[in-house]
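Please walk through the aromatic and cysteine side chains of the structure shown here, taking the ring contacts before the sulfur atoms.

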Amino acid sequence: MSPAADVPTDVPPTDTAPTTPAAPAEPTLLGAAPPPLPRDRMVQAWVASMALSWFGDAVWTVALAWTAVHTLPPATAGLVLGAETLPQAVFVLVGGVIADRWDTRRVLVTGRLVQAIVLLGGALAWSTGVRGAPLLVAMGILLGTATGLTLPAGATLSRQLVRSADLATVSGWNQIGNRLARLLGAPVGGVAVAVVGPAGAMLANAVTFVAVAAVLAVVVRPRYRMPRTPHASWAASLRDGAAYLRRDASARLLVLGLAALNVFVSPVIALGVALRVSGSGWGPAWLGAAEAAFATGAIIGSIVGIRWQVARPAQAGFSVLVVQGACIAATGIGSRVVLLAAMALIGIAAGTASVWLSGTYQRTIAPSHLGRVSSVSSLGDMALVPLAIPAFGALAAGASVLTAACVYGGAMAALCLWFATRPRIARLR
């Protein structure tokens, strides 16, 4: 596969070049130009369907966790809850090649229907008495495989539907939909597993996957043609994706910056806050309040990111995350008020920066390589975050929760400050 014509091949290997890197050309318009986003019913339907799917995922995630911890030994429950992770990591790079090779809509429709079939099969098996860890692990492996193979394709769909200038706004819409879906889906999942059992939660999630597939098949139509590379071998496609990042220093720097972010914030959200609440004897209600503060802040931050269009979004995004690092450190302080304020500010920073950085990411990465580069970003999260969480726990156990929070928050602030001051990051639009 030859490099796309719009990918620069003569970029110096450092981030101090005086010239501004050329942005990838806008993909070819297939028909009429998209309408303004407030009147774009197709994009709005797609965003709504994604929110519905995330709602179903939240319902099933809570139902699965409850079922696992109440019916299985702790070690087996951990195996069940982590069953999706490994196949996602194994197949996501292959999914990147698929995303850059085949029609996005067909890939996504197929993936959603496969996930629906797995859940429907699981619901049928559970209702007929076939239950336990083997069924749940098998479902996790199948669902994780489908996710890994289709996740990169989903990351390219916005690029095919809206103008470059609207990418950040659509990303913000999706982030708001994701947060609201999880806020509403988690309690519904708890009620569902208590009232109708795991099979009912499986069925509910399957319905959402079918709904997304229907919207993709009937409503969504790509407006921009993405470059396709169907003739290269799979191995050559992967090598070309790596070569693209080697020769495009701006894309490489942005990908490295984004890959490192969740390494520092995810352990605090997933473990640090729970350790702080438990160690202080505040009770589980405060853990829920902290998570609600984060989610509410993230929604507010996404709205801010959508409405406040900055001239240098990548630099602004990393600068905001410097402040987030300080808030991460503050979560270790033994004060309820400080914890809630810190979590709300972490959410605001995350929501705002994510809108700016995701829009820049979509505009910076060449359309011909967007799927493969997105798969590398996803693999970074999948590989690094599971290591960072137990490391946080070990540090908290060996020193204190405050020490662990300060180390992770300080490291994030320093890293984001470094990226915010790189000339190539400052020039990205």
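**Rings, charges and cysteines**

In this predicted model, Arg422 lies over the face of Trp418, at 4.4 Å from the ring centre. A second arrangement of this kind involves Arg101, which is placed over the face of Trp234 at 4.8 Å from the ring centre.

Turning from charges over rings to rings beside rings, a search of the whole structure yields six aromatic pairs. One of them is formed by Phe264 and Tyr408, whose geometry is edge-to-face, with 6.2 Å from centre to centre and 75° between the planes. Because Phe264 belongs to helix 9 (residues 249-280) and Tyr408 to helix 14 (residues 401-420), this pair ties together parts that are 144 residues apart in sequence. Phe264 is buried, at a relative accessible area of 16%, and Tyr408 is likewise buried, at 10%. Ring pairs also bring in Phe392, so that Phe264, Phe392 and Tyr408 are linked into a cluster.

Trp308 and Trp356 make another pair, and since their ring centres are 5.4 Å apart and their planes stand at 80°, it is edge-to-face. This pair, too, links distant parts of the chain, 48 residues apart, with Trp308 in the loop between helix 10 (284-307) and helix 11 (313-330) and Trp356 in helix 12 (residues 336-364). Trp356 is buried, with a relative accessible area of 4%.

The cysteines remain, and here the count of disulfides is zero. For Cys327, the nearest cysteine sulfur is that of Cys406, 12 Å away, and because a disulfide requires sulfur atoms within 2.5 Å, Cys327 is in no disulfide. Cys327 is buried, at 9% relative accessible area, whereas Cys406 counts as partly exposed, at 37%.

Conventions:
Residues numbered from 1 in each chain as written. Predicted model: local features only at pLDDT ≥ 70, side-chain atom pairs only at ≥ 80, totals over all residues. Heavy atoms only, no water. Buried < 20%, exposed > 50% of the residue type's maximum accessible area, 1.4 Å probe, protein only. Phe/Tyr/Trp six-rings, centres within 6.5 Å; stacked < 30°, edge-to-face > 60°. Helix = DSSP H or I, 4+ residues; strand = E, 2+ residues; numbered from the N terminus. Lys NZ or Arg CZ within 6 Å of the ring centre and 35° of its normal.
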